[in-house]
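Please look through the sequence and the model below. The text that follows starts at the end of one helix and then turns to the spaces between helices.

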Amino acid sequence: MSVPPGPGTVGGVKLSRPARRAHLVVHVVASAGWLGLTVGLLALGITANTTGSAAMVEVSVRAMKLFADRLLLPVGFLTLGSGLVLSLGTPWGLARHRWVWTKFWLTLATTTATALVLRPGVSAAAAAVSAGQPLPDGNDVLMGPIVSLTAYVFMTVISILKPWGPTRRGRRRREAARRPRTAGPAGV
């Protein structure tokens with residue numbers, strides 16, 4: 001006889017306590033790393049925009065390119081993946097609480113923006129500066145980190161405060177779980 005999936009399960013699979021803790025550690029470390037990388041990008045972008053030294057602009061933009069090319073997307077995907085595993089394997093659920101749902105969509109949006117906007121902008125700036133040209137547009141190396149940092153700080157805050165309550169789906173599931181189960185017809 002199969003047991004119907006309970007809260008915090010997808011397809012009847014619920015994370016054990018050690019697995020949940022391990023995924024939570026991975027998620028928090030990856031998220032903190034993503035936040036730290038973004039602060040580093042912002043510091044390098046500010047340096048590139050405010051220094052009078054062409055050498056310092058080149059070093060700053062090259063370092064940004066290294067972060068953007070090698071670190072940001074893997075850490076972003078790790079954050080997204082570990083968050084999905086946690087949401088689908090724990091009672092929080094993906095679409096049961098507004099704060100989880102909001103974090104999911106913001107993480108997906110910032111990962112996509114990193115791949116499609118931030119990385120190409122930094123690469124273009126690095127190519128121009130490496131060719132001996134001045135920094136083409138300071139906004140290319142500043143706006144991505146500013147927007148990303150704002151989103152990551154917001155996601156951190158809502159992870160701590162857990163505002164807004166459950167979604168409609170979450171309320172329906174909660175109400176269904178509270179209803180007493182009626183016995184089915186007796187088998188003869």
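Just after α4 comes Lys162, whose phi is positive, near 50°. Helices here are DSSP runs (H or I, at least four residues), just as strands are runs of E of at least two, and both are numbered from the N terminus. The model is predicted, so local features need pLDDT of at least 70 and side-chain atom pairs count only at pLDDT 80 or more, while totals for chains, interfaces and linings use all residues. Residues are numbered from 1 along each chain as its sequence is written, and side-chain values use heavy atoms, with hydrogens and water left out.

α4 has 24 residues, which at 1.5 Å a residue should span 34 Å; its end C-alpha atoms are 35 Å apart, which agrees. The expected span is 1.5 Å times one less than the number of residues. The buried residues of α4 include Gly138, Val141, Leu142, Pro145 and Ser148, and further along Tyr152, Met155 and Ser159. Buried means under 20% relative accessible area, exposed over 50%, and partly exposed in between (1.4 Å probe, protein chains only). An α-helix has 3.6 residues a turn, so residues three or four places apart point the same way. Among what covers the buried residues of α4 are α1, α2 and α3.

Ser148 is one residue of α4 to follow further. Its relative accessible area is 8%, so Ser148 counts as buried. Apart from neighbours within four places in sequence, Ser148 is in contact (heavy atoms within 4.5 Å) with Thr38 and Leu118.

Ser148, Thr38 and Leu118 also appear in the lining of the largest cavity, together with Trp34, Leu41, Leu72, Thr114, Pro145 and Tyr152. On a 1 Å grid over the protein atoms alone, a cavity is a set of points where a 1.4 Å probe fits but cannot get out; a pocket is an open set with protein on both sides within 12 Å along at least five of seven lines; lining residues have an atom within 4 Å of a point. The largest cavity holds about 40 Å³ of space. Helices α1 (17–50), α3 (98–130) and α4 (138–161) each supply at least two residues of its lining.

The largest pocket has a volume of about 690 Å³. Its lining has 28 residues, and the closest to its centre are His27, Leu86, Trp99, Lys103 and Ser159. Two or more lining residues come from each of α1, α2 (54–89), α3 and α4. The largest share, eight residues, is from α1. A volume is the space filled by probe spheres set on the grid points, which are joined across faces, edges and corners.
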